[in-house]
Amino acid sequence: MAEEQWPEFPCEDPTATELADWLRVWDASLKGLEVEAVLRGATPPSLISLSRATDLTDFTELTAVDEPDAAKRLRHNASVKRAHRDEANRVEAYAAGVLRVKNGFAGQLEKALRRTAPARLRRLRASHAVAGVPGAYDSAAMMLALRALVGVHGRSSDADSNRLVFLARLRMHVLRADVWFDYVPSASKGPRVPCVLPDASVLCADWESLVARILDGLTSL
């Protein structure tokens with residue numbers, strides 16, 4: 001793959017412009033690839049035939065009470081076992097196919113970050129290693145984590161959200177904190193973990209004073 005098609009990640013902590021430029025090129029290069037479908041939550045084209053599940057809810061084995069004829073019962077039960085075995089094989093093959101797509105693209109991501117952002121790459125690999133499969137990584141989740149940095153390093157189109165993002169960045173600067181942000185799929189969030197603050201005004205109460213102190217050059221509290 002050409003370097004201009006898959007440029008290196010800018011650095012450990014890219015600016016909003018650097019990140020946007022990098023994502024623009026990568027997102028364009030992703031179009032048409034199998035992993036791009038995974039990023040959208042869709043089925044990769046090569047796995048469409050394996051994605052169709054067979055409903056076997058009512059296809060169960062018969063007992064002597066259900067079918068007194070032993071020969072018929074044996075033939076039916078053999079068909080049931082075969083159908084359930086085929087469905088289990090389909091599920092396994094589909095999961096293996098998705099893993100192949102994800103892990104294959106992980107190599108391209110690792111190449112992009114290895115020289116310019118090795119620490120970020122280590123964190124991504126640690127956060128998105130595939131359980132039970134040594135050396136395999138979920139590149140879709142890794143890419144989504146990098147995309148999620150846009151909301152941290154850039155701006156939000158929503159005024160209130162943008163204000164909170166800016167405040168969070170100012171806080172990190174004041175505290176000299178090196179914060180690691182990562183993407184978490186909605187389905188992975190615990191049911192009791194709040195996703196939205198009940199009152200954003202709590203965080204913005206000292207907004208004006210904090211901004212004034214930063215602009216005055218007071219970088220420590």
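**Close-up views of a histidine contact and of salt bridges**

**View 1. His76 and the backbone of Thr60.** The backbone oxygen of Thr60 sits 2.8 Å from a polar atom of the His76 side chain. The model shown here is predicted. His76 belongs to helix H4. Its relative accessibility is 24%, so His76 counts as partly exposed. Beyond its neighbours within four places in sequence, His76 is in contact with four residues: Phe59, Thr60, Glu61 and Leu62. Take Phe59 from that list. His76 and Phe59 are 17 residues apart along the chain, and their C-alpha atoms are separated by 9.5 Å.

**View 2. Glu8 and Arg115 joined by a salt bridge.** The side chains of Glu8 and Arg115 meet at an N to O distance of 2.5 Å. This pair links distant parts of the chain, 107 residues apart. Glu8 lies in the segment before helix H1 (16-30). Arg115 lies in the loop between helix H4 (70-113) and helix H5 (118-127). How accessible is Arg115, buried or exposed? Arg115 has 63% relative accessibility and therefore counts as exposed. Glu8 has 28%, so Glu8 counts as partly exposed. Side chains of opposite charge can pair when their charged atoms come close.

**View 3. Arg40 and Glu36 joined by a salt bridge.** Here the side chains of Arg40 and Glu36 meet, with 2.9 Å from N to O. Arg40 has a relative accessible area of 55%. The cut-off for exposed is over 50%, so Arg40 is exposed.

**View 4. Glu110, Arg114 and Arg125 in a network.** Salt bridges link Glu110, Arg114 and Arg125 in a network. Within this network, Arg114 forms a salt bridge with Glu110. The closest N and O atoms of Arg114 and Glu110 are 4.0 Å apart. The cut-off for a salt bridge is within 4 Å. Which side of the burial cut-off does Glu110 fall on, buried or exposed? Glu110 has 12% relative accessibility. Buried means under 20%, so Glu110 counts as buried. Its partner Arg114 has 48% relative accessibility and counts as partly exposed.

**The salt bridges as a set.** How many salt bridges does the model hold by this rule? The count comes to eight. Among them are Glu8 with Arg115, Arg40 with Glu36, and Arg114 with Glu110.

Definitions and conventions
Residues numbered from 1 in each chain as written. Predicted model: local features only at pLDDT ≥ 70, side-chain atom pairs only at ≥ 80, totals over all residues. Heavy atoms only, no water. Helix = DSSP H or I, 4+ residues; strand = E, 2+ residues; numbered from the N terminus. Buried < 20%, exposed > 50% of the residue type's maximum accessible area, 1.4 Å probe, protein only. Contact = heavy atoms within 4.5 Å. Polar contact = N/O pair within 3.5 Å; in protein donor to acceptor, adjacent residues only side chain to side chain.
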